[in-house]
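Labels in structural biology rest on values and cut-offs. Let us see how each label is earned.

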Amino acid sequence: NVWLFLERDWFGAFMKTVFAAIVIVVIGMLSYLMKADATSERLALVSSTLVAIVLYHISLVAGVPATGYLTFIDKFMVWTYLIVFLSLVVSVTMMVFVNAGKQDLAERLHARTRWLIPALWIASMAFVFIYNLIIPYNKLLASM
């Protein structure tokens, strides 16, 4: 039996993997700072964020051998996809409301999701980091 414990510098690993994805999503979240009637600009920003995050994920996993399970970065990206997709749904719904002349519905949706979606993203990232990175790492160190 052979047992190895390999560890990387956490800051370098963070900067090379997770940081760029966080920056991409934060740029996408800027759509919540736009007015409710700026639907086409908002939709363009969110859809380009989704494309960027998919391409970034592809570039991350291109250099890693395929596994039969989800790694930390896969779980991180799945949650990111869900939140960006939810932002896309909100943007499309707002565009439908504005185009149908239902500006008040668009304003209410904007007011409700302006803080909810970014807070949901922060909560999901905290969940992924705590339950898929910090707790398993601490358990591994405790067993050594």
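The questions below go from the whole protein to single residues, and the model is a predicted one.

Q: What makes up the protein, in helices and strands?
A: The protein has five helices and zero strands. Along the sequence, the pattern reads α-α-α-α-α.

Q: Why is the protein called more spread out than a compact globule?
A: Set two values side by side. The radius of gyration is 19 Å. The globule rule gives 15 Å for 144 residues. The value is well over the rule, so the protein counts as more spread out than a compact globule.

Q: What box do the C-alpha atoms fill along the principal axes?
A: The box is roughly 70 × 30 × 25 Å.

Q: Why is α4 called roughly antiparallel to α5?
A: Start with the angle. Helix α4 covers residues 72-99, and helix α5 covers residues 103-143. They pack at an angle of about 180°. The cut-off for roughly antiparallel is over 145 degrees. The angle passes that cut-off, so α4 is roughly antiparallel to α5.

Q: How far apart are the axes of α4 and α5, and which kinds of residues make the contact?
A: The axes are 10 Å apart. The contact residues divide into 20 nonpolar, eight polar and one charged.

Q: What share of the residues in the protein is buried?
A: Buried residues make up 30% of the 144 residues. The label needs a relative accessible area under 20%.

Q: What area does the protein expose, and which atoms supply 72% of it?
A: The protein exposes about 9,300 Å². Carbon and sulfur atoms supply 72% of that area.

Q: How do you know whether S31 is buried or exposed?
A: Compare its value with the cut-off. S31 has 1% relative accessibility. Buried means under 20%. Therefore S31 counts as buried. S31 sits in the loop between α2 (18-29) and α3 (39-62). Beyond its neighbours within four places in sequence, S31 is in contact with R42, L45 and V46.

Q: Is S91 buried or exposed, and what makes it so?
A: S91 lies in helix α4. Its relative accessibility is 1%, so S91 counts as buried. Its contacts, leaving aside neighbours within four places in sequence, are R42, L43 and V46.

Q: Why does H57 get the label it has, buried or exposed?
A: H57 has a relative accessible area of 11%. The buried cut-off is under 20%. So H57 is buried. H57 is found in helix α3. Not counting residues up to four places away in sequence, H57 touches D74, M77 and Y81.

Q: How do you know whether M94 is buried or exposed?
A: M94 is placed in helix α4. At 0% relative accessibility, M94 counts as buried, because the label needs under 20%.

Q: What does M94 contact, leaving aside its neighbours within four places in sequence?
A: M94 is in contact with A36, T39, R42, A106, L109 and H110.

Q: How far apart are M94 and D37, in sequence and in space?
A: They are 57 residues apart in sequence. Their C-alpha atoms are 8.0 Å apart in space.

Q: What share of the contacts between residues at least 6 apart in sequence joins residues at least 24 apart?
A: The share is 78%.

Notes: Residues are numbered from 1 along each chain as its sequence is written. This is a predicted model: local features need pLDDT of at least 70, side-chain atom pairs count only at pLDDT 80 or more; totals for chains, interfaces and linings use all residues. Side-chain values use heavy atoms; hydrogens and water are left out. Axes are lines fitted to C-alpha atoms, for helices over the stretch in contact, and angles run from 0 to 180 degrees between N-to-C directions. Helices (H or I, at least four residues) and strands (E, at least two) are DSSP runs, numbered from the N terminus. Angles under 35 degrees count as roughly parallel, over 145 as roughly antiparallel, 65 to 115 as roughly perpendicular and the rest as oblique. Ala, Val, Leu, Ile, Met, Phe, Trp, Tyr, Cys and Pro count as nonpolar, Asp, Glu, Lys and Arg as charged, and the others, Gly among them, as polar. The radius of gyration is taken over C-alpha atoms; the globule rule is 2.2 Å times the number of residues to the power 0.38. Buried means under 20% relative accessible area, exposed over 50%, partly exposed in between (1.4 Å probe, protein chains only). Contact means heavy atoms within 4.5 Å. Accessible areas come from the Shrake-Rupley method with a 1.4 Å probe; for residues, only the protein chains shown count as cover.
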